[in-house]
Amino acid sequence: MNLIAAADSSWGIGLDGNLLYNIPADKSFFRSKTIGKTVVMGRRTYESLPSGSLPERRNIVLTRNPEYKGDENACICHSTKEILTILSRIPDDDIFIIGGEQVYSIFQSQCTHAFITKILTSSPADRHLINFDLSRDWTCISVSEVMHYGDIPFCFAEYYRIKKQQENH
């Protein structure tokens with residue numbers, strides 16, 4: 001599985017239900033990575049999308065609300081187990097965890113790659129991602145050159161999960 005997110009220098013990802021930054025190159029990057037793939041998100045992330053389900057992708061939405069319906073292009077799931085059952089039939093490379101904070105937390109340990117748009121400044125945030133740079137479980141395998149959208153510097157980074165070796169007893 002893959003994780004994809006935009007995070008600022010404090011690993012903030014959102015405030016009051018919105019992304020911290022609206023960077024067109026980040027949206028293009030997200031689209032290029034996820035088009036034709038399966039995206040997994042929480043209800044609040046789903047509801048924050050301007051068009052409901054993301055077009056040209058299989059949308060899976062996690063919610064605790066058993067009455068929640070979504071639109072005809074969203075597969076609504078009510079448990080992690082239910083999602084994992086669906087995902088077990090999909091190649092790992094075709095699965096992208098797209099948020100929010102709780103969904104990242106639930107599925108992060110099962111991801112092997114993380115694609116992070118690193119915004120090299122910070123803003124107030126009430127939602128955060130783990131700090132991949134400080135995690136012993138992840139290593140950064142590539143970073144693009146720094147680009148700018150107005151006065152906002154950013155780059156694209158790819159992280160790979162380091163396989164933990166079993167201890168010999």
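The lining of the largest pocket divides by class into 17 nonpolar, 14 polar and 11 charged residues. The model is predicted. The volume of this largest pocket is about 1300 Å³. Its lining comprises 42 residues, and those closest to the pocket centre are Leu19, Thr45, Ser48, Leu49 and Ile98.

Which elements supply at least two residues each of this lining? Three strands from the start of the numbering do: strand 1 (2–8), strand 2 (12–15) and strand 3 (18–19). Helix 1, helix 2 (43–48), strand 7 and helix 4 (101–107) do too.

Turn now to strand 1. Is strand 1 largely enclosed or left open by the rest of the structure? It is largely enclosed, because 7 of its 7 residues are buried. Both of its faces are covered. Asn2, Ile4, Ala6 and Asp8 are buried on one side. Leu3, Ala5 and Ala7 are buried on the other.

The pairing of strand 1 comes next. Strand 1 runs parallel to strand 8, and 7 bridges join the two. Here Asp8 sits opposite Ile119 of strand 8. Strand 1 also pairs with strand 7, again in the parallel sense, over 2 bridges. Leu3 faces Ile97 of strand 7 in this pairing. Strand 7 is thus met twice: as a partner of strand 1 and as a contributor to the pocket lining.

The aromatic residues give another view. A search of the whole structure finds 8 aromatic pairs. One of them is Phe29 with Phe156, a stacked pair with 4.3 Å centre to centre and 20° between the planes. This pair links distant parts of the chain: Phe29 belongs to helix 1 (residues 24–34), Phe156 to strand 12 (residues 152–161), and they are 127 residues apart. Are these two rings' residues buried or exposed? Phe29 counts as buried because its relative accessibility is 16%. Phe156 counts as buried because its value is 15%. The cut-off for buried is under 20%.

Phe96 and Phe115 form a tilted pair, with 6.1 Å centre to centre and 35° between the planes. Phe96 lies in strand 7 (residues 95–99) and Phe115 in strand 8 (residues 113–119), 19 residues apart, and this pair too links distant parts of the chain. Phe96 has a relative accessible area of 4%, so it is buried. Phe115 has 8%, so it is buried as well. Both strands of this pair are partners of strand 1.

Finally, Trp11, Phe132, Trp138 and Tyr159 come together as one aromatic cluster.

Definitions and conventions. Residues numbered from 1 in each chain as written. Predicted model: local features only at pLDDT ≥ 70, side-chain atom pairs only at ≥ 80, totals over all residues. Heavy atoms only, no water. Phe/Tyr/Trp six-rings, centres within 6.5 Å; stacked < 30°, edge-to-face > 60°. Helix = DSSP H or I, 4+ residues; strand = E, 2+ residues; numbered from the N terminus. Buried < 20%, exposed > 50% of the residue type's maximum accessible area, 1.4 Å probe, protein only. 1 Å grid on protein atoms, 1.4 Å probe; cavity = no way out; pocket = protein on both sides within 12 Å on 5 of 7 lines; lining within 4 Å. Points joined across faces, edges and corners; volume = space filled by probe spheres on them. Nonpolar A, V, L, I, M, F, W, Y, C, P; charged D, E, K, R; others polar. Pairing = 2+ DSSP bridges.
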